[in-house]
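Good morning, and thank you for joining. I shall present one protein structure today, beginning with its overall build and then turning to selected side chains.

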Amino acid sequence: MTGPHTHDEPAEHRRFARYLEALEAVAEADEAELVAAVLRDQDATMADSAVGRHLDRRAAELLTDPRFTAWAHTLGEVIGDRDFLTRRLREWSLLRTIALGKPWAAEELTSASDWLQRMAATTQILTSPEAIRLLAEHGRTHRVRNAANRQLQHRGRPD
């Protein structure tokens with residue numbers, strides 16, 4: 001958001017960029033307070049988007065870290081009833097459960113959003129062969145099924 005035309009950008013674009021910068025630099029102890037402040041912005045869609053990006057970044061960083069559970073609980077309280085954000089946090093928690101080899105139900109994965117299925121099928125986060133096979137057979141989109149099949153083929157190759 002730097003350059004000669006920054007002053008021509010709408011105010012919400014400038015706030016969005018500032019929020020992203022602040023969220024990326026925030027200390028863990030101050031994170032919940034900053035997220036709450038961002039969510040109080042008058043432009044709820046923009047605020048949800050900024051917090052959603054932050055949530056994705058932090059969840060990916062903490063996915064297998066023992067701190068994830070406390071972080072998710074705290075963030076869940078802060079985001080309250082924001083539908084998109086609560087669903088995304090729930091899906092990151094499912095991804096964590098599968099990544100850690102803890103029990104999960106097939107219906108949770110097959111009914112998950114396209115985003116979660118793509119994430120599970122296209123990244124190395126998911127090491128569960130059962131989850132990858134399930135997505136290869138029952139993924140919602142052709143893209144997810146193909147990506148999961150590629151993962152299965154890659155895993156079947158000797159290293």
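The protein in this predicted model has 9 helices and 0 strands. From the N terminus on, its elements run α-α-α-α-α-α-α-α-α. Helices here are DSSP runs of H or I with at least four residues, strands are runs of E with at least two, and both are numbered from the N terminus.

Allow me to state the ground rules. Residues are numbered from 1 along each chain as its sequence is written. As this is a predicted model, local features need pLDDT of at least 70 and side-chain atom pairs count only at pLDDT 80 or more, while totals for chains, interfaces and linings use all residues; side-chain values use heavy atoms, with hydrogens and water left out.

The pLDDT, which is the predictor's confidence in each residue on a scale from 0 to 100, averages 91 over the protein. A score of at least 70 is reached by 92% of the residues. Among the elements, α2 has the highest mean pLDDT, at 98, and helix α9, residues 142–156, has the lowest, at 90.

Next, the overall dimensions. Taken along the principal axes, the C-alpha atoms fill a box of roughly 55 × 35 × 30 Å. About 9,200 Å² of the protein is exposed, and carbon and sulfur atoms supply 51% of that area; accessible areas come from the Shrake-Rupley method with a 1.4 Å probe, and for residues only the protein chains shown count as cover. Of the 159 residues, 39% count as buried. Buried means under 20% relative accessible area, exposed means over 50%, and partly exposed lies in between, with a 1.4 Å probe and protein chains only.

Contact means heavy atoms within 4.5 Å. Among contacts between residues at least 6 apart in sequence, 58% join residues at least 24 apart.

I turn now to helix α1, residues 11–25. Its 15 residues reach 21 Å from the first C-alpha to the last, close to the 21 Å expected at 1.5 Å a residue; the expected span is 1.5 Å times one less than the number of residues. Which residues of α1 are buried? They are Arg15, Phe16, Ala17, Tyr19 and Leu23, and they pack against α2 and α3.

Two of these residues meet Asp41, which is found in the loop between α2 and α3. Asp41 is buried, with a relative accessible area of 9%. Leaving aside neighbours within four places in sequence, Asp41 is in contact with Arg15, Tyr19, Met46 and Ala47. The C-alpha atoms of Asp41 and Arg15 are separated by 9.2 Å, although these residues lie 26 apart along the chain. With Tyr19, Asp41 makes a side-chain polar contact of 2.6 Å. A polar contact is a pair of N or O atoms within 3.5 Å; within protein, one must be able to donate a hydrogen and the other to accept it, and residues adjacent in sequence count only if both atoms are side-chain atoms. The side chain of Asp41 also reaches the backbone nitrogen of Asp43, at 2.8 Å.

Helix α3 holds another aspartate, Asp56. Its side chain makes a polar contact of 2.9 Å with the side chain of Trp92. Beyond neighbours within four places in sequence, Asp56 is in contact with Arg88, Trp92 and Trp115.

I come finally to the salt bridges. How many does a search of the whole structure find? There are 10, a salt bridge being a side-chain nitrogen of Lys or Arg within 4 Å of a carboxyl oxygen of Asp or Glu.

One of them joins the side chains of Glu31 and Arg58, at 3.3 Å from N to O. Glu31 lies in helix α2, residues 31–39, and Arg58 in helix α3, residues 44–62, so the pair ties together parts that are 27 residues apart in sequence. Both residues are buried, Arg58 having 11% relative accessibility.

Arg58 also meets Glu61 in a salt bridge, again at 3.3 Å from N to O. These two are 3 residues apart in helix α3, which means about one helical turn of separation. Glu61 counts as partly exposed because its relative accessibility is 48%.

Another salt bridge links Glu91 and Arg87, whose closest N and O atoms are 3.2 Å apart. They stand 4 residues apart in helix α5, residues 83–99, so about one helical turn separates them. Glu91 is buried at 7% relative accessible area, whereas Arg87, at 35%, counts as partly exposed. Elsewhere, salt bridges that share partners join Glu31, Arg57, Arg58 and Glu61 into one network.
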